[in-house]
Structures are given as C-alpha cells and as structure tokens.
Amino acid sequence: NHEIRHVLWRKVLKIGGKYKIAAPRQKVWDALLDPDTLTASIPGAERCMEIAPGKFQVEIKVGIGIIRGRFSGTVEATDLDPPSSQRLIMSGEGTGGWIKGGGALTLRDVEGNTEIEVDGEALTGGVLARVGQRMIGNASKTMMGQFFKNLNREVTR
C-alpha cells in the first residue's frame, strides 16, 4: 500500500524558457560554474559548495505559496561544450518532498548579449507532487525567472 501511494504522488513537469543575460557568453558560462555566483543567483540558496569539478552541494530554503521548506541536494553540470551548452542533473529532498531532474542549457550570442535556452524536466514526489502540477509549474517558472534575473545582476556588476 505504501508503494502504491508512493507511485501515485509523483509528477513530471516540463521546465523550459529563454532568458537574456546582458553579458558576453564566456562570462555567463563562467558564472554558471562558479559557486559564489550560483549561491547569489539561486533563489533561497543558503549554501552552494563545489564538491567535484562541475558538481555542487546546495541547500535551499523555498517559500513559494504553500511550498515551503528546506531542500538539500546536488546539481551537476555534464556534457560541457564551453561556452555553448551543458546538461544539468539535479536531485534534492527536504521537508516538502523530493525533486529530480535534468535539462539542457544552450547559450547563444544575441546582439552583444547571451541568450540561454533551457529545456528539461523534473520529477517530484511527496507533498510537492500532491499540491498540483500547475502550482509546482508556476513555482518552478518563478524560481527559474528569479535565478536568471539574479544571474544577470551578478554578471553585470
């Protein structure tokens, strides 16, 4: 019965979008692999520490709508093709459930700026999955938008 319930409370959501960063592509690429910049850019990040080349241990405090809590996990950049593309693999768990996912980041030069296209998906479980895909989808879009806004602020200082 517990196993059936576990399967029922899982949701897959698509994550995607295009974001403009007002900096050259190499500078944006470097920022995406810098733990200090990531800590300053990830919404609610309390810690982001590089534990291996391109792999980070993160602790995040989340507070969007009824989705609240602390999450601990890892984010790893793989398939690196500097400064054009990388694949991110993430996993984390906390008081609100768990999340695992991955996606491709493609960086392009656009009129002196950098456009980052994100295409991925995440699988959630626990309370996160129960609150509904739409709410989680909106929360993930909000957090991703805030991340890229913060990243833009950090690289243009």
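Start with the inside of this predicted model: a search for enclosed space finds 1 cavity of 30 Å³ or more. The largest cavity holds about 1,000 Å³. Select Ile42, Ile60, Val75, Met90 and Met143, which are the closest to its centre among the 45 residues of the lining.

Next, colour that lining by class. You will see 30 nonpolar, 13 polar and 2 charged residues. Which elements supply at least two residues each? Show strand 1 (10-21), strand 3 (55-64), strand 4, strand 5 (85-94), strand 6 (97-110), strand 7 (113-125) and helix 5 (133-155).

Now stay with strand 4, which covers residues 67-81, and click on Thr74 within it. What does Thr74 touch beyond its neighbours within four places in sequence? Its contacts are Ile51, Lys55, Phe56, Gln57, Val58, Ile89, Met90 and Ser91. Draw a distance between the C-alpha atoms of Thr74 and Phe56: they are 18 residues apart along the chain, yet separated by 5.5 Å.

From Ser91, one of those contacts, step across to Lys100 in strand 6, which stands opposite Ser91. Here strand 5 and strand 6 pair antiparallel over 10 bridges, and a hairpin of 2 residues joins them.

Carry on along strand 6 to Leu105, whose bridge partner in strand 7 is Val118. Strand 6 and strand 7 also run antiparallel, joined by 13 bridges. For a last stop, zoom in on the hairpin of strand 6 and strand 7, with 2 residues between the strands. Select Glu111 there and check its backbone: phi is positive, near 50 degrees.

Definitions and conventions
Residues numbered from 1 in each chain as written. Predicted model: local features only at pLDDT ≥ 70, side-chain atom pairs only at ≥ 80, totals over all residues. Heavy atoms only, no water. Helix = DSSP H or I, 4+ residues; strand = E, 2+ residues; numbered from the N terminus. Contact = heavy atoms within 4.5 Å. 1 Å grid on protein atoms, 1.4 Å probe; cavity = no way out; pocket = protein on both sides within 12 Å on 5 of 7 lines; lining within 4 Å. Points joined across faces, edges and corners; volume = space filled by probe spheres on them. Nonpolar A, V, L, I, M, F, W, Y, C, P; charged D, E, K, R; others polar. Pairing = 2+ DSSP bridges.
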